[in-house]
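This text goes through one protein chain, from an annotated span to a pair of helices and then to the chain as a whole. Please keep the structure in view while reading.

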Amino acid sequence: MPGTKIAVVQMESKLGKPEQNLRRAEHYIGEAVAQGADLICLPEAFSTSGNILEVADVSVTIPGPETDFLREQAKQAGVHLVAGLLERGDDGKYYSTSVLCGPEGTILGHYRRVHCHELEARYLSGGSEYPVFDVEFGRIGLMQGYDINFPEVAREYCRRGVDIIVCSALVPEMFAYVANMRLPVRAVDAECIVAFASGIGNNLYAGFGYMGRSQVLADPLFLEAERFDFVDGDERMVDLGKEPGVGVVEVDLERMRRYRTKATLSGDLQPATYWQS
């Protein structure tokens, strides 16, 4: 099949304005569809922003009206769609969760963020699984912004042969420098594409802003092997900076898989020497 077009949406979600946030998301989904996207990635907690102080009031069920919205958007556009939500689980706990919807208008699965910052952990529970999803164009894994700090997540998805990691994010601006350093490293660690869809704007309750810098990244060694004009830095195939909008990148996943088969470092791993004490 031809190249796969991956779109990252960078948007501000307003506290206390879920209907407006859904309309804003719909607008950007339309922009991504107009550019031919096959996979559209929205930020973490896109309908509520990071309002974990009021998570008991703003969290949503899965399935529920918000996932109905996502399912309908995916079906109308005929695309795969990932978005983050604050979830109220059947177990009475709250999670930061990414949902994957397919072009048939179904929920293909979800990922409950495993890692929670100690301040978040007062309000949110962590998940325990790293699910993968085989779709028409490849294998998808899901993660969220705080997971970037843990190479174990990327390595686990590498072990599972993921082609694209979708990272829905809402990273506080004070951590932007380090997060931005870690993103290309995670693409190398996972030996796959990383689509980082980030929120922007300010959290007035918490008193900080969100980093933005939504981007799509690949292992620079893969790009260097495939593009005669590759220069250092091109591993960020798109970077939206601080502005709202949509970035779309076309990637030949079949060529990436062939490269990975030849160049993977997985055969040199020594798993018996890790995490032993």
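The model shown here is predicted. A good place to begin is the span of residues 4-253, whose end C-alpha atoms lie 7 Å apart. Of this span, 26% is helix and 31% is strand. An unreviewed UniProt entry annotates residues 4-253 as "domain: CN hydrolase".

Two helices can be looked at in detail. Helix α4 is made up of residues 151-159, and helix α5 of residues 176-190. The axes of α4 and α5 are 8 Å apart, and the two helices pack at an angle of about 30°. Angles under 35 degrees count as roughly parallel, and α4 and α5 are therefore roughly parallel to each other. Their crossing is right-handed.

Which residues in α4 and α5 meet? From α4 come P151, A154, R155 and C158, and from α5 come R186, D189 and A190. Sorted by class, the contact of α4 with α5 has 4 nonpolar and 3 charged residues, and no polar ones.

The view can now widen to the protein chain, which has 7 helices and 14 strands. The radius of gyration of the chain is 18 Å, and the globule rule gives 19 Å for 277 residues. These two values are close, so the chain is as compact as a globular protein of that length. Taken along the principal axes, the box that the C-alpha atoms of the chain fill is roughly 50 × 50 × 35 Å.

Notes: Residues numbered from 1 in each chain as written. Predicted model: local features only at pLDDT ≥ 70, side-chain atom pairs only at ≥ 80, totals over all residues. Heavy atoms only, no water. UniProt positions renumbered as here; feature names shortened; annotations may be inferred. Helix = DSSP H or I, 4+ residues; strand = E, 2+ residues; numbered from the N terminus. Axes fitted to C-alpha atoms, helices over the stretch in contact; angles between N-to-C directions. Parallel < 35°, antiparallel > 145°, perpendicular 65-115°, else oblique. Left-handed = near helix turned anticlockwise from the far one by under 90°. Contact = heavy atoms within 4.5 Å. Nonpolar A, V, L, I, M, F, W, Y, C, P; charged D, E, K, R; others polar. Rg over C-alpha atoms; globule rule 2.2 N^0.38 Å.
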